[in-house]
Amino acid sequence: MARGPKKHLKRINAPKHWMLDKLTGNWAPRPSTGPHKLRECLPLTILLRNRLKYALTGKEVQAICMQRLIKIDGKVRTDTNYPAGFMDVVSMEKTKENFRLLLDTKGRFSLHSIGESLETQFKLCRVKRQELGFRGVPYVVTHDGRTIRYPDPDIKVNDTVKVDLETGKITEFVKFEAGNVAMITGGNNIGRVGVITSRDRHEGGFDIVHVKDNAGHSFATRISNVFVIGKGNKPWVSLPKGKGIKLSVQEERSLRLQKK
């Protein structure tokens, strides 16, 4: 019988999108409990060692973190297993680099460089819950575990809010409605970007949202997978290469051949 929290993760059970090979050891870094789910995050160890190649071993990652060089959403994080997730801003003042975690069309986290632009000062959060708290105080809970009190009364579940990372306050919001651009964060169409065309309501089931991308392809997914990222067809955040357009196998092959 298990007693207490689990502290280990076998490499073979680690999420596929971490892209860990099978033969370089038995274990994988188990993400700490935090704002993102275990299977929907990227621990700092993998971010610094496997993606950015700033370290060769877990010990080196620890040395980097303990020097307080890594900030996530403007806060220093020294835990090497801290779970960074979708829309988080990873900052390194020493190298003057900033990255936003977005998804590519293969379902992997893409560290999208945002330099030292204004983009480093905010993040987009999807509203998961909207309730009244103690003494009737209204609040919303976002996809990254933030509780924000006294939001604009027009903000509802599934809407997206722009959060100032310094103050933690909502500066702007965009409604979940047809005509707005969205990114898909789960399911078969993960990482695709397109404009919401319609929403099918299913009482007692999952609402289905229809989306059309810039290439003219239409697809449908559950409402829980749709994350609005801008008003109209203008995203509020810059997108990684590919701009969220999913290519067919033939299109990918011809692109590779052109590069050669």
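How do the residues of the lining of the second largest pocket divide into nonpolar, polar and charged? The counts are 6 nonpolar, 10 polar and 5 charged. This report concerns a predicted model, and its pockets are taken up before individual residues and the cysteines.

## Pockets

The volume of the second largest pocket is about 530 Å³. Its lining is made up of 21 residues, and E40, F86, K128, H143 and T185 are the closest to its centre.

The largest pocket has a computed volume of about 730 Å³. Lining this pocket are 24 residues, with D104, T105, R108, K241 and G242 nearest the centre. By residue class, the lining of the largest pocket comprises 9 nonpolar, 6 polar and 9 charged residues. Two elements, β7 (109-113) and α3 (249-259), each contribute at least two residues to that lining. Rolling a probe the size of a water molecule over the atoms is what reveals empty space of this kind.

## Strand β7 and S110

Strand β7 contains S110. This serine has a relative accessible area of 16% and is therefore classed as buried, the limit being under 20%. Apart from neighbours within four places in sequence, S110 is in contact with R100, L101, L102, L103, D104 and P240. One of these partners, D104, is also among the residues that lie nearest the centre of the largest pocket.

## W18 and helix α1

W18 belongs to the segment before β1 (41-43). Its relative accessible area is 0%, so W18 is buried. When neighbours within four places in sequence are set aside, the contacts of W18 are L9, A28, P29, P31, L38, C41, L42, P43, I46 and R51. W18 and N50 stand 32 residues apart along the chain, and their C-alpha atoms are separated by 8.7 Å.

Helix α1 spans residues 44-51 and is largely enclosed by the rest of the structure, because 6 of its 8 residues are buried. The buried positions in α1 are L44, T45, I46, L47, L48 and N50. Of these, I46 is also in contact with W18. In an α-helix, residues three or four places apart point the same way, because there are 3.6 residues a turn. After α1 comes K53, which has a positive phi near 60°.

## Cysteines

How many disulfides does the model contain? The count is 0. A disulfide is a covalent bond between the sulfur atoms of two cysteines. Why is C41 without such a bond? The closest cysteine sulfur to that of C41 belongs to C65 and is 14 Å away, which is too far for a bond. The cut-off applied is 2.5 Å between sulfur atoms.

C65 is likewise in no disulfide, its nearest cysteine sulfur being that of C41 at 14 Å. Is C41 buried or exposed? C41 is buried, because its relative accessibility is 0%. C65 has a relative accessible area of 0% and is therefore buried. C41 also appears among the contacts of W18.

## D213 and its loop

The loop between β15 (208-212) and β16 (218-222) holds D213. With a relative accessibility of 5%, D213 falls below the limit of 20% and so counts as buried. The D213 side chain makes a polar contact with the backbone nitrogen of H217 at 2.8 Å. Beyond neighbours within four places in sequence, the residues in contact with D213 are R192, V193, G194, F219 and I245.

## Residues with positive phi

Two further loop residues have positive phi values, D73 and Y150. D73 is not a glycine, yet its phi is about 55°. The position of D73 is in the loop between β2 (71-72) and β3 (75-76). A relative accessible area of 10% means that D73 is buried.

Y150, also a residue other than glycine, has a phi near 50°. The loop between β10 (147-149) and β11 (160-164) contains Y150. Is Y150 buried or exposed? Y150 is exposed, because its relative accessible area is 56% and the exposed class begins over 50%.

Methods: Residues numbered from 1 in each chain as written. Predicted model: local features only at pLDDT ≥ 70, side-chain atom pairs only at ≥ 80, totals over all residues. Heavy atoms only, no water. Helix = DSSP H or I, 4+ residues; strand = E, 2+ residues; numbered from the N terminus. Buried < 20%, exposed > 50% of the residue type's maximum accessible area, 1.4 Å probe, protein only. Polar contact = N/O pair within 3.5 Å; in protein donor to acceptor, adjacent residues only side chain to side chain. Contact = heavy atoms within 4.5 Å. 1 Å grid on protein atoms, 1.4 Å probe; cavity = no way out; pocket = protein on both sides within 12 Å on 5 of 7 lines; lining within 4 Å. Points joined across faces, edges and corners; volume = space filled by probe spheres on them. Nonpolar A, V, L, I, M, F, W, Y, C, P; charged D, E, K, R; others polar.
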